[in-house]
Amino acid sequence: MHLEETTLQLLKDSLQQLDGGFAALPAITENPAPAPDPRLAAVMNEVANKLQDNYPYFHPLYAGQMLKPPHPIARAAYALATWINPNNHALDGGRASSAMEKEAVAQIAAMFGWQQHLGHLCGGGTMANLEALWVAGQLNPGKKIVASDQSHYTHKRISAVLQLPFANVPSDIRGRMDPSALEKMLAAGDVGCVVATAGTTGTGSVDPLPEILRLRERYNFRLHVDAAYGGYFTLASNLAAETRASFDRIGLADSIVIDPHKHGLQPYGCGCVLFRDPLVGAIYKHESPYTYFSSSELHLGEISLECSRPGASAVALWATQRLLPLVRGGEFAGMLEASRDAALQFAQRLASDTRWMLPFAPELDIVVWAPRAKTVAEISALSQRIFAATARQHLHLALVRVPFRFFAAQHNLTGAREDTVLCLRSVLMKPEHRNWLGRIWAILAGVADGALSR
Ligand SMILES: *Cc1c(COP(=O)(O)O)cnc(C)c1O
């Protein structure tokens, strides 16, 4: 069996425990436990067969996109909560899970040094960024949102949804926002919010927060940090000094987005938005004719754009952080360090092998590289071929299109600065990747020998 099963026993035992809390209720005699219905098993069999049509995200040889299964504790806690199916919109729909959400979110805020904050969970990084940019637009109406050309495409799209002007700040040859280009834009006086990315989705590059914060002293703007992918790396002890300097300053932002469903070991449907100033809650102010009656305490729906939300997400996150606290030097931090270490070792192998080109050292656990060739067209075609060939040997990589200028330091390359080139990309986000590097490398080397010698 490749898939873990510990969740099932955990779930069975905790279900009994949960049931015990409702022992005082009269038995539901109209609704006796149904006899086993063979149709359910048949449908589930079909479901299992259908789900086989997936890449093996749980396996260390899946080293492609940002995908991995949740921790067993998250899986079990999430499933257990579905027996109650709480709704974290209002305390009427989920008292325990709302309290767990407030606790879990406060622990995330504390990770960035925030003793107080306003924040909540939401569907994912896109929703979380939408709320952060919406608040920015409410506070600086009509002003521009700017984010680097390597930021997630969602910022441009969200700005369009919010009808706020948007512009890209050019990035440097390591995929980080160029502060001098940013300053030129700020000088025009129409920027209301700067989005800094702490770990770009493509290459894991971290925008230079020290320089950006220095600019904030001269030009007044709201700073939003999109740490959807990279946020948890603030717990890792093996970041490069420059990267560390940026992570140490995330707490100086006005708002932060982090995705527990990326590096936080959660099932999908778990993003998080945090605001440094709890008073932004006033912007959300609304009344609901249906809910908010059971208590004068804060209902999470009062500070969230989404209404119904899965209480199960909060339960899973709370349980995970109970088991694996968000502290430096802890077991969870060790997982991030293993991923980062895997990326460093992998990058080192690539850099010392003439078959490959490595544009820059990884800042987190994402490695982007390309087969060595002379032209953009050749590199792109080879990347595509290697991507397909490794997959046939069960090694699943990803492809990414990056600016050709990332390879500016390489010799004997022809191409224009404005070109883009298709590269190979590996998100080494499972700690097991570190131990599997030898196997991963062997498959890659074998494939490269075939593809590059032709
Ligand atoms: C993944 C990601 C997003 C989008 O988040 P979703 O959870 O996919 O909606 C936004 N920004 C960054 C930097 C990301 O990596």
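**Close-up 1. Leucine 265 lies in the loop between strand E6 (255-258) and E7.** The model shown here and in every view below is predicted. Leucine 265 has a positive phi of about 65°, yet it is not a glycine. A negative phi is what most residues other than glycine have. Is leucine 265 buried or exposed? Its relative accessibility is 7%, so leucine 265 counts as buried.

**Close-up 2. Asparagine 85 sits in the loop between H3 and helix H4 (95-111).** Here too the residue is not a glycine and phi is positive, with a value near 55°. Asparagine 85 has 57% relative accessibility and therefore counts as exposed.

**Close-up 3. Helix H3 (residues 72-81) packs with helix H11 (residues 311-323).** The angle is about 145°. The two axes are 8 Å apart. The crossing of H3 past H11 is right-handed. On the H3 side, the contact involves Ile73, Ala74, Ala77, Tyr78 and Ala81. On the H11 side, Ala312, Ser313, Val315, Ala316, Ala319, Thr320 and Leu323 take part. Which classes of residue make up this contact of H3 with H11? There are 10 nonpolar residues, 2 polar ones and no charged ones.

**Close-up 4. Seven strands form an open sheet of mixed pairing.** The order across this sheet is E1-E7-E6-E5-E4-E2-E3. Strand E1 (118-122) and strand E3 (166-169) are the edges. Each has a single partner strand, so one side of each lacks a neighbour in the sheet. From one strand to the next, the twist averages 20°. Strands of a sheet pair through backbone hydrogen bonds, in either a parallel or an antiparallel arrangement.

**Close-up 5. Edge strand E3 pairs with strand E2 (residues 144-148).** E2 and E3 run parallel and are joined by 4 bridges. One of the residues involved is serine 148, whose bridge partner in E3 is valine 169. Helix H6 (residues 154-161) lies across E2 and E3. H6 also lies across strand E4 (191-197) and strand E5 (222-226). Relative to E3, H6 runs at about 160°.

**Close-up 6. Edge strand E1 pairs with strand E7 (residues 271-275).** The two run antiparallel, with 5 bridges between them. Leucine 121 stands opposite cysteine 272 of E7. How many residues of E1 are buried? The count is 5 of the 5, so E1 is largely enclosed by the rest of the structure. Leu118, His120 and Cys122 point one way from E1. Gly119 and Leu121 point the other way. Both sets are buried.

**Close-up 7. The cysteines form 0 disulfides.** A disulfide is a covalent bond between the sulfur atoms of two cysteines. Why is cysteine 272 not bonded to cysteine 122? Cysteine 122 holds the cysteine sulfur closest to that of cysteine 272, but the separation is 7.1 Å, too far for a bond. The cut-off for a disulfide is 2.5 Å. Cysteine 272 is buried, because its relative accessible area is 0%. Cysteine 193 is in no disulfide either. For cysteine 193 the nearest cysteine sulfur, again that of cysteine 122, is 16 Å away. Cysteine 193 counts as buried, at 1% relative accessibility.

**Close-up 8. Four strands form an open sheet with antiparallel pairing.** The order is E8-E9-E11-E10. Strand E8 (356-357) and strand E10 (398-403) are the edge strands, each pairing on one side only. E8 and strand E9 (residues 366-371) run antiparallel, joined by 2 bridges. Tryptophan 356 has proline 371 as its bridge partner in E9. Two helices appear with this sheet. Helix H12 (residues 331-351) lies across E8, E9 and strand E11 (420-427) and runs at about 15° to E9. Helix H13 (residues 376-392) packs on the sheet and touches E8, E9, E10 and E11. The direction of H13 makes about 30° with that of E11.

**Close-up 9. Glutamine 17 is placed in helix H1 (residues 6-20).** Is glutamine 17 buried or exposed? With 64% relative accessibility, glutamine 17 counts as exposed. Glutamate 183 is 166 residues from glutamine 17 along the chain. Their C-alpha atoms are separated by 58 Å.

Note on methods. Residues are numbered from 1 along each chain as its sequence is written. This is a predicted model: local features need pLDDT of at least 70, side-chain atom pairs count only at pLDDT 80 or more; totals for chains, interfaces and linings use all residues. Side-chain values use heavy atoms; hydrogens and water are left out. Axes are lines fitted to C-alpha atoms, for helices over the stretch in contact, and angles run from 0 to 180 degrees between N-to-C directions. A crossing is left-handed if the near helix is turned anticlockwise from the far one by less than a right angle, and right-handed if clockwise. Contact means heavy atoms within 4.5 Å. Ala, Val, Leu, Ile, Met, Phe, Trp, Tyr, Cys and Pro count as nonpolar, Asp, Glu, Lys and Arg as charged, and the others, Gly among them, as polar. Two strands pair if DSSP finds at least two bridges between them. Buried means under 20% relative accessible area, exposed over 50%, partly exposed in between (1.4 Å probe, protein chains only).
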